[in-house]
Amino acid sequence: HVDLKKHQWKVKEEFILNLTFTFILDLIGAITFAFSGAYVAINFDMDWLGIVIMACTTACGGGLTRDIILGNIPANMFKDPTDVTVAMVVAFITIALYKPLMKSKFKEHIMFVINTLDAVGLAIFVVVGCNVAITCGHKENMFIICFCGVLTAVGGGMWRDVMVNRVPMIFSKEIYATAALPGAIIYYLSIDMLGEAVATAITLVLVFGIRMWAIINKKNLPY
């Protein structure tokens, strides 16, 4: 009886830790993507409402599209508006910091910082998207899991680009979705063998590494 209680507590503890870890990852991803969306909006001379909407769209658009496809209704962003709230806060912080940053000596490095943060968000949302698909009962379906991982990672940026009337990054020569896809595949193949923590670490490093390698070395897909 005591051993059973210990086992139940251990399972409960692992479940809480996994939820906390996923929540933290999702929060970091939302922050980085919201900043990217707000920055683009400011550069397209949008007002504060447009900037907030762009930040929220970039942070939550991929997850919203994924949830609709999975039939996870209402979508997670409506069940728990944490990401939306965080995106709004990040939008106002970006508005406040934009002019000082543009006047500072860091101006020439700002695009590299934004691309780096975007790569962090890309890697994180691959993991988050795969996890949501697994949680929704599709653990045995590799295609759905990988599709949802990539969609969660690139969907917000795609909606962002559409809203400013430019070709989405995933349809141009940029190594973007092609950085997310290997990560989703590796996550699916390794999660059962190595466990969630190790699979997550490998996926984050792989996706971030591919994206940053492409940015630093100015590598694009052939056309």
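Which residues form a nonpolar patch on the surface? They are Trp 48, Leu 49, Ile 53, Met 88, Phe 92, Ile 95, Trp 159, Val 162 and Met 163, with about 840 Å² of accessible area together. Keep in mind that this is a predicted model. Here's a quick tour, from the overall fold down to a few individual side chains.

**Overall fold**
- The protein chain has 8 helices and 0 strands, so reading along the sequence just gives α-α-α-α-α-α-α-α, with helices taken as DSSP runs of at least four residues.
- Out of 223 residues in the protein chain, 43% count as buried.
- Take the contacts in the protein chain with a separation of 6 or more: 75% of them come from residues 24 or more positions apart.
- About 12,300 Å² of the protein chain is exposed, and carbon and sulfur atoms supply 70% of that.

**The nonpolar patch**
- Trp 48, Phe 92 and Trp 159 are among the residues that make up this surface patch.
- Three elements give two or more residues to the patch: helix 2 (48-70), helix 4 (82-103) and helix 6 (142-163).
- Phe 92 sits in helix 4. Its relative accessible area is 40%, so Phe 92 falls in the partly exposed class, because that class runs between the 20% and 50% cut-offs.

**Aromatic pairs**
- Searching the whole structure turns up 4 aromatic pairs.
- One of them is Tyr 39 with Tyr 98: the ring centres are 5.9 Å apart and the planes meet at 55°, so the pair is tilted. The 55° angle lands in that class because stacked needs under 30 degrees and edge-to-face needs over 60.
- This pair links distant parts of the chain, with Tyr 39 in helix 1 (residues 2-43) and Tyr 98 in helix 4, 59 residues apart.
- Are these two tyrosines, Tyr 39 and Tyr 98, buried or exposed? Tyr 39 is buried, at a relative accessible area of 10%, and Tyr 98 is buried too, at 18%. Both values count as buried because the cut-off is under 20%.

**A buried acid**
- Asp 118 belongs to helix 5 (residues 110-135).
- Which side chain of opposite charge is nearest to Asp 118? That would be Arg 160, 4.2 Å away.
- Asp 118 is buried yet has no salt bridge, because a salt bridge needs the nitrogen and the carboxyl oxygen within 4 Å.
- Leaving aside residues up to four places away in sequence, Asp 118 touches Phe 33, Ser 36, Arg 160 and Tyr 176.

Conventions:
Residues are numbered from 1 along each chain as its sequence is written. This is a predicted model: local features need pLDDT of at least 70, side-chain atom pairs count only at pLDDT 80 or more; totals for chains, interfaces and linings use all residues. Side-chain values use heavy atoms; hydrogens and water are left out. Patches are made of residues with over 30% relative accessible area and no salt bridge: like charges are joined within 9 Å, nonpolar side chains (Val, Leu, Ile, Met, Phe, Trp, Tyr) within 5 Å. Accessible areas come from the Shrake-Rupley method with a 1.4 Å probe; for residues, only the protein chains shown count as cover. Buried means under 20% relative accessible area, exposed over 50%, partly exposed in between (1.4 Å probe, protein chains only). Lys and Arg count as positive and Asp and Glu as negative; His and the chain ends are not counted. Contact means heavy atoms within 4.5 Å. Rings of Phe, Tyr and Trp (its six-membered ring) pair if their centres lie within 6.5 Å; planes under 30 degrees apart count as stacked, over 60 as edge-to-face and the rest as tilted.
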